[in-house]
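The following exercises invite the reader to work through a protein model step by step. Please keep the sequence and the coordinates at hand.

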Amino acid sequence: PSWNSYPIGLIEFNNKLYFSADNGSTGTELYVYDEISISLVEEVVVGSTAVQPRDLTVYSGGLYFTTYIGGNNESLYVFNGTNINLIFDYPLSSSVQNLKTFNNKLYFTANANFGPKELFSYNGSTINLVDDMSSYEATAGIADFTIFNNSLYFINSASFNYNLLVMNTSETISYSVPFFMNTPGLQYSYFKNNNDLYYTFQ
């Protein structure tokens, strides 16, 4: 692509480099570089509509990604090396995000009808709802998946409430640290160093 192509999300798959970019006519789509040339993989939506592939993730022989086609209509697709296929689409504003591979499954978040984020898993053939998150103090958002000590950590947030949650390989979710309430502008981050997981709330 030329002009302001805005390439993002570089990832290796099948010995080639894949990324999102805009060629000025088809909108933002999935592209591939084979060390010789750059080419469009396939238009998810034919025409100038930008699908904006993001969260590019390799899992079980496929390249998975989410799309954004306006109005928070984000869906889950997979490129199998030949074609792009739809995997998951929730009714009305699915907002599929946060792809993460863990324990031989692909995890992601989605919500319907502008409701709270729910946690899903995909094993290569079946989509399963892991938890609708309704039993937790904060149910509006899930973000920042991080694998640590064979568990999946993530932030669950709503309004000004924040929880650091952990899920084990049996998909049991529990609180990792107490939640923080009524803190406008709260910022958080966490990172791994050797055998410890560090987190900050400010």
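Four exercises on this predicted model follow, each with a worked solution.

**Exercise 1. Overall composition**

Determine how many helices and strands the protein has, and what share of its residues counts as buried.

*Solution.* Begin with the secondary structure: the protein has zero helices and 18 strands. Next, consider burial, for which the cut-off is under 20% relative accessible area. Of the 202 residues, 42% count as buried. Turn then to the surface: about 10,300 Å² is exposed, and carbon and sulfur atoms supply 46% of that area. Finally, examine the contacts between residues at least 6 apart in sequence; 29% of these join residues at least 24 apart.

**Exercise 2. A four-stranded sheet**

Establish the order of the strands in the open sheet that contains β9, β10, β11 and β12, and identify its edge strands.

*Solution.* First, set out the order, which is β9-β10-β11-β12, with antiparallel pairing. Second, look for strands that pair on one side only: these are β9 (97-102) and β12 (127-131), the edge strands. Third, consider the geometry: neighbouring strands of this sheet are turned by 30° against each other on average, direction ignored. Fourth, inspect one pair in detail. Strand β11, residues 118-122, is joined to β12 by four bridges in the antiparallel sense. Within this pair, Phe-120 has Leu-129 of β12 as its bridge partner.

**Exercise 3. A hairpin**

Describe how β3 and β4 pair, and state what lies between them.

*Solution.* Locate the two strands: β3 covers residues 28-33 and β4 covers residues 38-42. Their pairing is antiparallel and extends over four bridges. One point of reference is Leu-30, whose bridge partner in β4 is Glu-42. Now follow the chain from β3 to β4: the two strands form a hairpin with four residues between them. In the turn, Glu-35 has a positive phi of about 75°.

**Exercise 4. Two asparagines in a loop**

Find where Asn-149 lies, and decide whether Asn-149 is buried or exposed.

*Solution.* Start with the position: Asn-149 belongs to the loop between β13 (141-148) and β14 (151-158). Its backbone has a positive phi near 50°, in a residue other than glycine. To settle the exposure, apply the cut-off of over 50% relative accessible area. Asn-149 has a value of 57% and is therefore exposed.

Repeat the procedure for Asn-150, which is also found in the loop between β13 and β14. Asn-150 has a positive phi of about 60°, although it is not a glycine. With a relative accessible area of 55%, Asn-150 is therefore exposed.

Technical notes: Residues numbered from 1 in each chain as written. Predicted model: local features only at pLDDT ≥ 70, side-chain atom pairs only at ≥ 80, totals over all residues. Heavy atoms only, no water. Pairing = 2+ DSSP bridges. Axes fitted to C-alpha atoms, helices over the stretch in contact; angles between N-to-C directions. Buried < 20%, exposed > 50% of the residue type's maximum accessible area, 1.4 Å probe, protein only. Contact = heavy atoms within 4.5 Å. Areas by Shrake-Rupley, 256 points an atom, 1.4 Å probe, with all protein chains shown as cover.
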